[in-house]
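Trainee: I should like to go through the terms applied to this model and the grounds for each of them.

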Amino acid sequence: MKIYRKALILALSIVLCATAVMSLSGCGESSAESSSRAESNSAAATGDEAKAADELSDLGIDPGKAGVFPNVKHDQKNTVGFQLEQPKEGDTIAIIHTGLGDITLRFFPDQAPKAVTNFINLAKNGSYNKTSFHKVIPDFAIQGGHCGSADNNPSGTSSFGGMFEDEFCDSLLNLRGAVSMASTSKDSNGSQFLINQTSAEAFKNSGGWIALSKNWDDMKDQLKSYKDSNLLSAFFDENGDKLLNTAAVPENVKKLYEQNGGNPLLDGAYNAADRGCTVFGQVISGMDVVDKIAASKTDKKNVPLERVQINSVEVTTYKVNGGATPAEK
């Protein structure tokens, strides 16, 4: 998928740039440890996310004329980092049964209702059965869940019958273990999803926020050169998913990525062009399986040489006693 593929290219370029410029210096846990970690990681959402596109105006670009209309949901109830907490008794969860083991997810229906409904409907209909994780990139993400014709629906066929809109929320991030929609462009969600796999160590080794800030500076320089050109729209179409406005990212969010890993480049709430991958779930058990899948040998197109099959997806409810164990960090 375009966003997925281009994020990989940028991630690789960040590694090379960081190496040239400077040298920057999982295991299971109990429910109590998980709650403590989630509590320490949580910090209030600031509302700065909606300002991610404001810098376009500062650069002399009219966001509306460029087709940028941010629609970030501001979560007044939860704090950033809450996604790392365990579900509540009776919450709906899903267990992805794969050939390499089970992956258990919690959902965020208040923040991403259409994406959650879509996944649950497809799971209950058996649409994910016998599909695969068809693209894996270690220290980035694993992607799967394609239903329907790849030619007519490159992001897969949703339970709604067509593509549906992005649902960006300021309290949900593409942290390690976050489950997001995989799409080809803005508002092109179908059936495919990805699970972020980047560890805190990998994020650091890629250059972290220093490299991402440099990328944003480079993107701003390019925007300045295109702002009076009739190619501006084409630039947004081609590079919109790389416009993470690091100046709009609060320090508490940066800290969450440093502590947990993940892929902030995919966060639509902080993207100046309102592009990204909608977060709708979080792995609460089975990150070791995600890591196994990510370690699969692949061809040059990142397709596993040996098929990693999704046997089925079971939708059930979470039980505190005997429920899913916390995700490995």
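Mentor: Let us begin with angles: they run from 0 to 180 degrees between N-to-C directions, and those over 145 count as roughly antiparallel. Please bear in mind that this is a predicted model.

Trainee: What makes α6 roughly antiparallel to α7?

Mentor: The axes of helix α6 (residues 208-226) and helix α7 (residues 232-239) cross at roughly 155° and come within 9 Å. The cut-off is over 145, so α6 is roughly antiparallel to α7. The crossing of the two helices is right-handed.

Trainee: Which residues make the contact of α6 with α7?

Mentor: From α6 they are M219, Q222, L223 and Y226, and from α7 they are L232, F235 and F236.

Trainee: How do these residues divide into nonpolar, polar and charged?

Mentor: There are 6 nonpolar residues, 1 polar residue and no charged residue. Leu, Met, Phe and Tyr are among those that count as nonpolar, whereas Gln does not appear in either the nonpolar or the charged list and therefore counts as polar.

Trainee: How do you know that β2 and β7 pair?

Mentor: Pairing requires at least two bridges, and 4 bridges join strand β2 (residues 101-107) to strand β7 (residues 279-285), which run antiparallel. R106, for example, has Q282 in β7 as its bridge partner.

Trainee: What is the order of the strands in the closed barrel?

Mentor: The 8 strands run β1-β2-β7-β5-β6-β4-β3-β8, with antiparallel pairing. From one strand to the next, the twist averages 35°.

Key. Residues are numbered from 1 along each chain as its sequence is written. This is a predicted model: local features need pLDDT of at least 70, side-chain atom pairs count only at pLDDT 80 or more; totals for chains, interfaces and linings use all residues. Side-chain values use heavy atoms; hydrogens and water are left out. Angles under 35 degrees count as roughly parallel, over 145 as roughly antiparallel, 65 to 115 as roughly perpendicular and the rest as oblique. A crossing is left-handed if the near helix is turned anticlockwise from the far one by less than a right angle, and right-handed if clockwise. Contact means heavy atoms within 4.5 Å.
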